[in-house]
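Student: I should like to take a close look at a single part of this structure. Could you please guide me through one group of aromatic residues and then place that group within the chain as a whole?

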Amino acid sequence: MPNPLRTMRRGHTITALSAAALLALTACGTESTEESSADGAATTESEAAVTVAEPIAVTYDGGLYVLDGTTLEVVQDIELEGFNRLNPAGDDRHMFVSTSTGFQLLDAAGAELTDLEFEAPKPGHVVRHAGKTVLFADGTGEVTIFDPAELGDTLPETETYTTPEAHHGVAVELENGELVTTLGNEDERPGIVVLDENHEEIARNEDCPGVHGEATAQGEAVVIGCETGVLIYQDGEITKVDSPTDYGRIGNQAGTDASPITLGDYKQDEDAELERPTEVSLVDTEAGTITLVDIGASYTFRSLARGPEGEGLVLGTDGAIHVVDPEAAEVTDSFPVIDSWEEPLEWQQPRPAIFVRGETAFVSDPGANEIHAVDLATGEITATGSLDSAPNELSGVLG
C-alpha cells in the first residue's frame, strides 16, 4: 500500500503573460513583416520570439539578466524584487528562480520569466539526478519530484513527499526510486532517512549534526554534509565518515559521475563569525575517507565546481580558478580570472561565483560588474560580458 503522503498532481496552464513581459519580448525578440490581405490592406505578423543560445542567467539587486552563453551579451533584463536564487531546472531551456513565494520557472532560452511556479514557503535546494529534478520547500518540508523533460507551457506531473517536520533540508531521488532526504526541524538537523519507491523507510542515520547539502558521486553514492564529517548512502547502507578534526563542517559539495570523490568546503572554527578557510575537503566514497587540500586562498560556498574530466575547481579569493586532482589530492593548476576579493559578512551579499557547463567555466565579478567565460583546457578567457549592476547568483541551463 503506497504511503498516503505520496501524491500525484497536475500543473495548471498559464495563458496570460504580464504586459511588461509582452512588451519586453516585442521590443527585444520579434520581427514584424507586412503582408497584403485579400482586399489589399496591409497586415502585420509577429515572428517567433527570441531564442537565446546556451543561456546563462545572473541575479542582481532588483532583477536578473539573461545572457547569451556564447557572447555573454545581455539579452533580457527582467525586473524582480527581493533576494532571488537561481538553479538549473534540468533541461536545456529552463531554470528556477527561488523567490519569496516559490520556485518560479524561467524560460531562459526565451528570455522570459513565466508565471508558472511551484508554490513553496522558503524555497530551498534544487537537486537534479537520474533524470529527475527534486525541489525542497524549507517552510513545509515538502519534496516535489518531476521529470524536467516535461517542463513547458504547463507545470509537469509531480510526485510529492512531506518530511515529518519542516526544516532547511535537501532530497535526492535515485535511479531505483529510492528517496534520500534530510531529517530536522527549526532547532536541529540530525541526519538523513532513506525511503523506498513507496516512501517507506528502509534506512536512517542521526549521527550527522547540522546536516546540510548533497552531492552524488560515481556509482550513485550520495554524500550528505555534517558538522562532524559526512554520511554516505550507497547500495542500501549509510556510512558515517568522521572529519579529521573534532569540528569539521562540510556544508557545500560538488559531485560528478566521473569520480567517486566529492569536492566540499571545510570549516574548523565552530565559534567564528565568518571563517575564511583555505582548505577544501575530498570525500572518497569508495575508501570512506576525507582528505584536506590547501588551495592557498580562501573561498566561499559559491566557489566549488567540477570540470569535464571530474577535476575539482575552486574559485579563490585571489581571483584564480584552482584545479584540484581528486585522486592525487593536490592542486595541479591555477588560472587567474579576476582581481582579488574578500567574502562579505552577509551570505546574501554579492560575491564572485563559478558555474561550469561542458568545458567552459563562467565566473562572475561583482566588483567590476562583469562575467567571464573561461576555457578549462587552456585557462584562457574567451568572452567577457559587461553588466549595469553587480551580479550575485550565477547559473545556466544544463544543455
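Tutor: Let us begin with four residues, Phe96, Phe103, Phe118 and Phe146, which form one aromatic cluster. Please keep in mind that the model is predicted. In total, the structure holds eight aromatic pairs. In the pair of Phe96 and Phe146, the ring centres are 6.0 Å apart and the ring planes stand at 80°, so this pair is edge-to-face; an angle over 60 degrees is what that class requires. Phe96 belongs to strand β8, residues 94-98, and Phe146 belongs to strand β13, residues 142-146. The two are 50 residues apart, and their pair thus links distant parts of the chain.

Are these two rings buried or exposed? Phe96 has a relative accessible area of 0% and is buried. Phe146, at 2% relative accessibility, counts as buried as well. The cut-off behind this reasoning is that a residue under 20% relative accessible area is called buried.

One member of the cluster leads us to a further feature. The structure holds one cavity of 30 Å³ or more, and the volume of the largest cavity is about 40 Å³. Ten residues line the largest cavity, and those closest to its centre are Phe103, Glu119, Ala120, Glu142 and Thr144. Phe103 is therefore a residue to look for twice, since the aromatic cluster also includes Phe103. Strands β10 (112-119), β12 (132-137) and β13 each give two or more residues to the lining, and the largest share, three residues, comes from β12. By character, the lining residues divide into six nonpolar, one polar and three charged.

After β8, the strand of Phe96, the chain passes through a loop that leads to β9 (102-107), and Ser100 is found in this loop. In contrast to the buried Phe96, Ser100 counts as exposed, at 68% relative accessibility. The C-alpha atoms of Ser100 and Phe83 are separated by 8.1 Å, and these two residues are 17 residues apart along the chain.

We may now turn to another part of the chain, where Leu72 deserves attention. Leu72 has a positive phi of about 65° although it is not a glycine. Leu72 sits in the loop between β5 (63-67) and β6 (74-79), yet it is buried, with a relative accessible area of 1%. Which residue far along the chain has its C-alpha atom 7.4 Å from that of Leu72? It is Ile371, 299 residues apart from Leu72 along the chain. Ile371 is placed in strand β33, residues 370-375, and counts as buried at 0% relative accessibility. Leaving aside residues up to four places away in sequence, the residues that Ile371 touches include Ile56, Val58, Leu67, Leu72, Val363 and Leu394.

A positive phi of about 55° is also found at Glu220, again not a glycine. Glu220 lies in the loop between β19 (212-217) and β20. Strand β20, in turn, takes us to the largest nonpolar core. This core has 21 residues, of which Val230, Ile232, Val280, Val283, Tyr299, Leu304 and Val314 touch the most other members. The elements that give it two or more residues are β20 (221-226), β21 (229-234), β24 (261-264), β25 (279-284) and β26 (289-294). The largest share of this core, three residues, comes from β25. Apart from this core lies another, of 16 residues, among them Val180, Ala203, Val222 and Tyr233. Ile232 touches residues that include Ala221, Val222, Val223, Ile238, Val241 and Val283, not counting residues up to four places away in sequence.

Finally, let us place these parts within the whole. The chain contains one helix and 35 strands. Of its 399 residues, 54% count as buried. Among the contacts in the chain with a separation of 6 or more, 44% are accounted for by residues 24 or more positions apart. The contact between Ile371 and Leu72 is one example that you can find in the model, with their positions 299 residues apart along the chain.

Key:
Residues are numbered from 1 along each chain as its sequence is written. This is a predicted model: local features need pLDDT of at least 70, side-chain atom pairs count only at pLDDT 80 or more; totals for chains, interfaces and linings use all residues. Side-chain values use heavy atoms; hydrogens and water are left out. A nonpolar core is a set of buried Ala, Val, Leu, Ile, Met, Phe, Trp, Tyr and Cys residues joined through side-chain atoms within 4.5 Å. Buried means under 20% relative accessible area, exposed over 50%, partly exposed in between (1.4 Å probe, protein chains only). Helices (H or I, at least four residues) and strands (E, at least two) are DSSP runs, numbered from the N terminus. Contact means heavy atoms within 4.5 Å. Rings of Phe, Tyr and Trp (its six-membered ring) pair if their centres lie within 6.5 Å; planes under 30 degrees apart count as stacked, over 60 as edge-to-face and the rest as tilted. On a 1 Å grid over the protein atoms alone, a cavity is a set of points where a 1.4 Å probe fits but cannot get out, and a pocket is an open set with protein on both sides within 12 Å along at least five of seven lines; lining residues have an atom within 4 Å of a point. Grid points are joined across faces, edges and corners, and a volume is the space filled by probe spheres set on the points. Ala, Val, Leu, Ile, Met, Phe, Trp, Tyr, Cys and Pro count as nonpolar, Asp, Glu, Lys and Arg as charged, and the others, Gly among them, as polar.
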